[in-house]
Amino acid sequence: MKNILKDLKRRDHKRYLGGLDVFKYIGPGLLVTVGFIDPGNWASNFAAGSEFGYSLLWVVTLSTIMLIVLQHNVAHLGIVTGLCLSEAATKYTPKWVSRPILGTAVLASISTSLAEILGGAIALEMLFDIPIIWGAVLTTVFVVIMLFTNSYKKIERSIIAFVSVIGLSFIYELFLVKIDWPMAAEGWVTPAFPKGSMLIIMSVLGAVVMPHNLFLHSEVIQSHEYNKQDDSSIRKVLKYELFDTLFSMIVGWAINSAMILLAAATFFKSGIQVEELQQAKSLLEPLLGNSAAVVFALALLMAGISSTITSGMAAGSIFAGIFGESYHIKDSHSQVGVILSLGIALLLIFFIGDPFKGLLISQMVLSIQLPFTVFLQVGLTSSRKVMGQYVNSKWSSFVLYAIAGIVTVLNIMLLISELS
């Protein structure tokens with residue numbers, strides 16, 4: 001007892017990782033997380049749950065594990081080099097390698113923006129009966145204003161608020177349904193490929209492991225300023241970044257899982273296949289009550305707005321990186337990237353006949369581009385010339401290349417299933 005009292009009087013204890021320190025570094029990961037709880041995910045997850053019940057929950061688990069490894073690795077690239085993935089590719093790889101990959105990454109960001117804007121428009125239609133086209137215009141205008149007038153920190157705070165609303169919405173709705181938890185637990189860990197499920201599997205995969213988020217994370221991690229020449233400073237940021245990534249990705253896993261659980265417990269159980277998000281809201285009303293449907297639409301609106309913001313930032317980062325510059329909304333290259341992504345996506349929405357199908361296909365496009373971005377990223381982080389003493393270990397490189405291989409194989413399986 002005397003020793004404890006004596007120890008309490010000391011003021012020279014070694015400083016360990018503290019809660020306040022962790023919260024100082026929470027933010028970049030949540031910016032990335034909102035990308036995989038976007039409206040494209042909603043479409044993929046509700047399609048998965050309503051058509052196949054709990055059997056595709058394993059895709060969310062696998063995707064999240066892959067995402068944690070990839071996001072942690074690309075954040076290291078940003079911390080160690082002070083460059084985002086696009087800048088590093090431009091600096092360290094030949095143009096014939098970097099330009100095609102970064103070009104397809106810009107196209108992927110357009111596909112992402114399309115899904116995000118469409119989701120916001122669908123939510124506005126649910127809440128206020130605003131036509132999809134006008135809802136898309138309103139969502140785009142609001143996001144452009146936020147992007148061109150807010151700093152990283154203000155956007156981070158907005159995103160954290162949006163993610164909180166989305167998470168609380170699904171926690172509320174899960175309390176209203178009866179979940180078959182033993183079947184859910186089996187679905188989380190047991191791979192299954194029901195007949196006709198490959199498009200949905202690839203949509204869920206592309207919706208979780210999104211290529212534009214790899215570019216975004218390597219950029220926004222640098223918004224927390226540190227001395228890039230000081231080894232101890234770099235190691236400190238690397239340590240805290242792991243907590244940020246783990247926390248943020250687990251939040252995303254929980255929300256994505258909740259979507260499938262909700263769809264499985266309501267629609268699959270009733271033999272109803274969801275083919276549009278508006279249908280999901282209208283079907284929730286008699287099953288769970290009017291308040292649940294409103295909460296559903298409100299969460300979708302938050303998801304649409306916040307994910308469109310991050311999609312625009314990612315496009316600006318990719319486009320600026322092609323010219324060897326970092327993202328800055330006051331810079332013309334970043335501005336052009338943002339406008340290209342959001343503008344082309346908005347234009348495409350005018351020609352989409354089936355918004356729900358458009359959401360699913362947009363997510364599949366992301367999964368097709370993903371292997372190119374992952375192979376590029378792993379090649380850079382496995383290069384001693386790029387990373388110095390922080391280069392990937394042989395084991396890390398093996399795991400990362402294996403992830404790229406898995407995504408490639410799944411893409412081939414999708415192609416075969418679509419042709420057969």
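**Close-up views of a predicted model**

**Figure 1. Helix 5 and helix 12 are oblique to each other.** The model shown in this and the following views is predicted. The axes of helix 5 (residues 57–81) and helix 12 (residues 211–220) come within 7 Å and cross at roughly 40°. Angles under 35 degrees count as roughly parallel and those from 65 to 115 as roughly perpendicular, so the pair of helix 5 and helix 12 is classed as oblique. The crossing in which helix 5 passes helix 12 is right-handed. On the side of helix 5, the residues in contact are Leu70, Gln71, Val74, Ala75 and Gly78. Their counterparts in helix 12 are Asn213, Leu214, His217 and Ser218.

**Figure 2. Contacts made by Thr81 of helix 5.** Thr81 belongs to helix 5, the helix that also takes part in the crossing with helix 12. The side chain of Thr81 reaches the backbone oxygen of Leu77 at 2.5 Å. A polar atom of the Thr81 side chain also lies 3.1 Å from the backbone nitrogen of Leu83. When residues up to four places away in sequence are left out, Thr81 touches Val386 and Met387. Thr81 and Val386 are 305 residues apart along the chain, yet their C-alpha atoms are separated by 7.2 Å.

**Figure 3. Packing of helix 7 against helix 8.** Helix 7 spans residues 95–128 and helix 8 spans residues 132–149. Their axes are 8 Å apart, and the packing angle is about 120°. The roughly perpendicular class runs from 65 to 115 degrees and the roughly antiparallel class begins over 145; helix 7 and helix 8 are therefore oblique to each other. Helix 7 passes helix 8 in a right-handed crossing. Helix 7 contributes Ile117, Leu118, Gly120, Ala121, Ile122, Leu124 and Glu125 to the contact. Helix 8 contributes Ile132, Gly135, Ala136, Leu138, Thr139 and Thr140.

**Figure 4. Surroundings of Ser50 in helix 4.** Ser50 is a residue of helix 4, which comprises residues 39–52. Its relative accessible area is 4%, and Ser50 therefore counts as buried, the cut-off being under 20%. A polar atom of the Ser50 side chain lies 2.7 Å from the backbone oxygen of Phe46. The backbone oxygen of Ala47 lies 3.4 Å from a polar atom of the Ser50 side chain. With residues up to four places away in sequence not counted, Ser50 touches Ala263, Phe267, Phe268, Ile272, Gln273 and Val274.

**Figure 5. Ser306 in helix 15.** Helix 15 covers residues 290–322 and includes Ser306. Ser306 has a relative accessible area of 0% and is therefore buried, since buried means under 20%. The side chain of Ser306 has a polar atom 2.7 Å from the backbone oxygen of Met302.

**Figure 6. The whole protein, for orientation of the preceding views.** The protein has 19 helices and zero strands. Of its 420 residues, 57% count as buried. The exposed area is about 17,700 Å², of which carbon and sulfur atoms supply 67%. Among contacts with a separation of 6 or more, 84% join residues 24 or more positions apart.

Key
Residues numbered from 1 in each chain as written. Predicted model: local features only at pLDDT ≥ 70, side-chain atom pairs only at ≥ 80, totals over all residues. Heavy atoms only, no water. Helix = DSSP H or I, 4+ residues; strand = E, 2+ residues; numbered from the N terminus. Buried < 20%, exposed > 50% of the residue type's maximum accessible area, 1.4 Å probe, protein only. Contact = heavy atoms within 4.5 Å. Areas by Shrake-Rupley, 256 points an atom, 1.4 Å probe, with all protein chains shown as cover. Polar contact = N/O pair within 3.5 Å; in protein donor to acceptor, adjacent residues only side chain to side chain. Axes fitted to C-alpha atoms, helices over the stretch in contact; angles between N-to-C directions. Left-handed = near helix turned anticlockwise from the far one by under 90°.
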